[in-house]
Amino acid sequence: MYRCPFKNPDQQSHRVGHIYRSASVEILRSIPRTIENSFPFHLSYRTACSQELLDYLVVHIGRGQNFLELTEDIMSMHFRKFLQSRSPDCDSVDLNEFYTSPLYSVPSNDQLMYIFLAYYDSVSSIFENEILKTQFSILTCDHTFKVSKHIGVTRGEDSAFVNQFENLFIGLNENGEVVAWRLTKSTSFREVQDTLTELKNRLSASGKLLNMVVVDDCCSVRASHKSVFPEAVVKLDLYHACQRVVKTLSKGLPKTQQLSKEFGLIFRANGANGD
């Protein structure tokens, strides 16, 4: 609590001055950002969590864990603390004491998701600005990212999980950095045409042209990409190029198995001597 040292004349003599909760949004908005960033908690709509929990979420979600797994992990850690707080002479454990104690309460997987989304909403402009600043002269287009299968809603009548999207389109530059992304319902060019046009406008604003577009099916989509980037050549990516050669080899022979495994090495850079 923040307490004003000056007493209000209208208040009783034994009361201090105005009192404000330290977690009040009004307080946080009025203090310098450097002080706000040092606060040990993070505020979102109607809830707050410790900065330690938020850091835990960001790190482990980035490593591929889902929210339900994190809820279970937090509960396991709380249970260990609960056991460590027991008297050494105690022969039995009352689980009801653990589950009913607010000291060991655990956020649900949905609550963790809301905390994470609130955090993302607060920093999304940083990510977007970083993408907008990323330079590119070659564009690699790919729909094969599977994260879209985790995005959907739970249907009320039968609790079935319904996907909202089928694919995640990502555009990478020559250094493997993301320059554009979009969730799509299909691999149709129409769904990403606006995104590619925005990339075209970004290049035009900087007075540059795109040199090459790399795709997984150049013969089918060359004309479509040329309609947006007429100056660029459209090439097949190396993975699918190797795949087209390898699938023509006989199966089951030791030499063809070795050739299939090593064929992609012919494209490696000079001096790259790894396996």
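In the predicted model, Tyr120 is partly exposed, since its relative accessibility of 33% lies between the limits of 20% for burial and 50% for exposure. Tyr120 is placed in helix α6, and, when residues up to four places away in sequence are set aside, Tyr120 touches Phe127 and Trp181. Phe127 is likewise assigned to the partly exposed class, with a relative accessible area of 41%. The count of aromatic pairs comes to 9, and one of these is formed by Tyr120 and Phe127, whose rings are stacked with 6.0 Å from centre to centre and 20 degrees between the planes. In contrast to these contacts, Leu259, which is 139 residues from Tyr120 in sequence, is 45 Å from Tyr120 in space, C-alpha to C-alpha.

Aromatic residues also come together elsewhere in the model, where Phe79, Phe82, Phe98, Tyr99 and Tyr104 form one aromatic cluster. A further arrangement involves a charge and a ring: Lys185 lies over the face of Phe165, at a distance of 5.4 Å from the ring centre.

Helix α6, which spans residues 109–133, packs with helix α3, residues 51–62, at an angle of about 90 degrees, and the two axes are 10 Å apart. Because angles of 65 to 115 degrees are classed as roughly perpendicular, this description applies to α3 relative to α6. On the α3 side the contact is made by Leu53, Leu54, Leu57, Val58 and Ile61, and on the α6 side by Leu112, Ile115, Phe116 and Tyr119. The residues of this contact comprise 9 nonpolar ones, with no polar and no charged residues. Leu53, located in helix α3, touches Leu112 and Ile115 as well as Ile74, not counting residues up to four places away in sequence. The C-alpha atom of Leu53 is separated by 43 Å from that of Arg268, a residue 215 positions apart from Leu53 along the chain.

Two buried residues were examined in strand β8 and helix α8. Leu168, found in strand β8, residues 167–172, has a relative accessible area of 9% and is therefore buried, the limit for this class being under 20%. Beyond residues up to four places away in sequence, Leu168 touches Asp142, His143, Phe145, Val147, Ser148, Trp181, Arg182 and Leu183. For one of these residues, His143, the C-alpha atom is separated by 5.6 Å from that of Leu168, although the two residues are 25 residues apart along the chain. His225 lies in helix α8, which covers residues 218–228, and is buried with a relative accessible area of 5%. The residues touched by His225, with those up to four places away in sequence not counted, are Cys141, Phe189, Leu196, Val213, Val215 and Val234.

Ser159 is notable for its backbone, having a positive phi of about 60 degrees although this residue is not a glycine. Most residues other than glycine have a negative phi. Ser159 is placed in the loop between β6, residues 152–154, and β7, residues 161–163. At a relative accessibility of 56%, Ser159 is classed as exposed because the limit for that class is over 50%.

Conventions:
Residues numbered from 1 in each chain as written. Predicted model: local features only at pLDDT ≥ 70, side-chain atom pairs only at ≥ 80, totals over all residues. Heavy atoms only, no water. Axes fitted to C-alpha atoms, helices over the stretch in contact; angles between N-to-C directions. Helix = DSSP H or I, 4+ residues; strand = E, 2+ residues; numbered from the N terminus. Parallel < 35°, antiparallel > 145°, perpendicular 65-115°, else oblique. Contact = heavy atoms within 4.5 Å. Nonpolar A, V, L, I, M, F, W, Y, C, P; charged D, E, K, R; others polar. Phe/Tyr/Trp six-rings, centres within 6.5 Å; stacked < 30°, edge-to-face > 60°. Buried < 20%, exposed > 50% of the residue type's maximum accessible area, 1.4 Å probe, protein only. Lys NZ or Arg CZ within 6 Å of the ring centre and 35° of its normal.
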